[in-house]
Amino acid sequence: MKINIIYESQFGNGKKVVEELTVILEENGQDVDLFPVAETKPNELPPADLYIFSSPTRKFMLPRNMGRFIKEFIPPSENTKYALMTTYMDPRTIALKKMEALMKKKEIKKAADDFKIKILGLKGPLEDGYSDGLNKFADELIK
Ligand SMILES: Cc1cc2nc3c(=O)[nH]c(=O)nc-3n(C[C@H](O)[C@H](O)[C@H](O)COP(=O)(O)O)c2cc1C
């Protein structure tokens, strides 16, 4: 399966997680590409079967560039799937809810439940023990 991961990561925590996810998926025979949102335009993405969007929570919500990217993203077919991830400090985050609301309009299916990773300070580190969750998320994505 061809998988595009589109991510934003100001301090590198989200980047670390999507890089780890890429390794897991590649070890399972998937063809994965990573795209930093700031350097990518939605219409420049190569077509893929699955799109994973990974964003930090900012001011409870999404950074503007991620919101705009998802809004403009056009799935290549109705069989395209998507999945959502966020890093956050405060459990009141509504970043995933915002991404979900934007994706709902595309009328494509979700490949796995949303994945949230807690970070312990503004700049990190990631809370220990997310590896099990990340492996389960990866399993769901490719099942
Ligand atoms: C301007 C700003 C606002 C933030 N607001 C929130 C917030 O409302 N809720 C929250 O849980 N985390 C908030 N954070 C923390 C980010 O979620 C955290 O920096 C991010 O997840 C780290 O991921 P990254 O290293 O990939 O950038 C904020 C961070 C910044 C810089």
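With 7 C-beta neighbours inside 10 Å, Lys 59 counts as exposed, and that makes a handy place to start a tour of this predicted model. Lys 59 lies in the loop between β3 and α2. Its backbone has a positive phi of about 50 degrees, although Lys 59 is not a glycine. Phe 60 is found in that loop between β3 and α2 too, and phi of Phe 60 is near 70 degrees, again a positive value in a residue other than glycine. Phe 60 counts as partly exposed, because 13 C-beta neighbours fall inside 10 Å.

**The strands and how they pair**

From the loop we can step back into β3 (50–56). This strand is mostly covered, with 7 of its 7 residues buried. Both of its faces are covered: one side carries Leu 50, Ile 52, Ser 54 and Pro 56, and the other carries Tyr 51, Phe 53 and Ser 55.

What lies beside β3? β1 runs parallel to β3 and is joined to it by 5 bridges. The bridge partner of Ile 3 in β3 is Leu 50, while Tyr 7 has Ser 54 as its partner in β3. β4 pairs with β3 as well, in the parallel sense, over 7 bridges. There, Phe 53 stands opposite Leu 84 in β4. The chain gets from β3 to β4 by way of α2, and this β-α-β crossover is right-handed.

β1 is mostly covered too, with 5 of its 6 residues buried. β1 and strand β2 (residues 31–36) pair in the parallel sense, over 6 bridges, and Ile 6 stands opposite Phe 35 in β2. Here the chain crosses from β1 through α1 to β2, and this β-α-β crossover is right-handed.

**The nonpolar core**

In soluble globular proteins, nonpolar side chains tend to be buried together. In this model the largest nonpolar core has 36 residues, and those with the most contacts inside it are Ile 5, Leu 50, Ile 52, Phe 53, Ala 83 and Met 99. Elements that each supply at least two residues of this core include β1, β3, β4, α2 (64–72), α3 (95–104) and α4 (131–142).

Met 99 is a good residue to click on. Leaving out residues up to four places away in sequence, Met 99 touches Phe 53, Ser 55, Leu 62, Ile 70 and Leu 84. Phe 53 and Leu 84, two of the residues in that list, are the ones that stand opposite each other across β3 and β4.

**Three positions side by side**

Which residues are buried, partly exposed or exposed among Ile 117, Leu 34 and Asp 90? The table gives each one's place and its count of other C-beta atoms.

| Residue | Place | C-beta atoms within 10 Å | Class |
|---|---|---|---|
| Ile 117 | strand β6 | 20 | buried |
| Leu 34 | strand β2 | 17 | partly exposed |
| Asp 90 | loop between β4 and α3 | 8 | exposed |

Ile 117 is in contact with Val 17, Thr 87, Leu 126 and Tyr 130, its neighbours within four places in sequence left aside. Its C-alpha atom is separated by 19 Å from that of Phe 35, 82 residues apart along the chain.

Leu 34 touches Ile 5, Tyr 7, Val 18 and Thr 22, not counting residues up to four places away in sequence. Leu 34 and Glu 140 are 106 residues apart in sequence and 19 Å apart in space, C-alpha to C-alpha.

For Asp 90, a useful partner to look at is Ile 119: the two are 29 residues apart in sequence and 8.9 Å apart in space, C-alpha to C-alpha.

**A cis peptide bond**

Another backbone feature is worth a look. The peptide bond from Gly 124 to Pro 125 is cis, with omega near 5 degrees. Pro 125 is found in the loop between β6 and α4.

**Around the ligand**

Which residues come nearest the ligand? Of the 20 residues around it, they are Ser 9, Phe 11, Asn 13, Gly 14 and Pro 56. The elements that give two or more residues to this shell are α1 (13–27) and β4 (81–88), and α1 gives the largest share, 3 residues. By class, the shell has 7 nonpolar, 9 polar and 4 charged residues. Pro 56, one of the nearest residues, is also one of the buried residues of β3.

How values were computed
Residues are numbered from 1 along each chain as its sequence is written. This is a predicted model: local features need pLDDT of at least 70, side-chain atom pairs count only at pLDDT 80 or more; totals for chains, interfaces and linings use all residues. A residue is near a molecule or strand if its C-beta atom, placed from the backbone, lies within 6 Å of it. Helices (H or I, at least four residues) and strands (E, at least two) are DSSP runs, numbered from the N terminus. Ala, Val, Leu, Ile, Met, Phe, Trp, Tyr, Cys and Pro count as nonpolar, Asp, Glu, Lys and Arg as charged, and the others, Gly among them, as polar. A nonpolar core is a set of buried Ala, Val, Leu, Ile, Met, Phe, Trp, Tyr and Cys residues joined through C-beta atoms within 7 Å. A residue is buried if 20 or more other C-beta atoms lie within 10 Å of its own, exposed if 12 or fewer, and partly exposed in between; C-beta atoms are placed from the backbone. Two residues are in contact if their C-beta atoms, placed from the backbone, lie within 7 Å. Two strands pair if DSSP finds at least two bridges between them. A crossover is right-handed if, with the strands pointing away from the viewer, the path from the first strand over the helix to the second runs clockwise.
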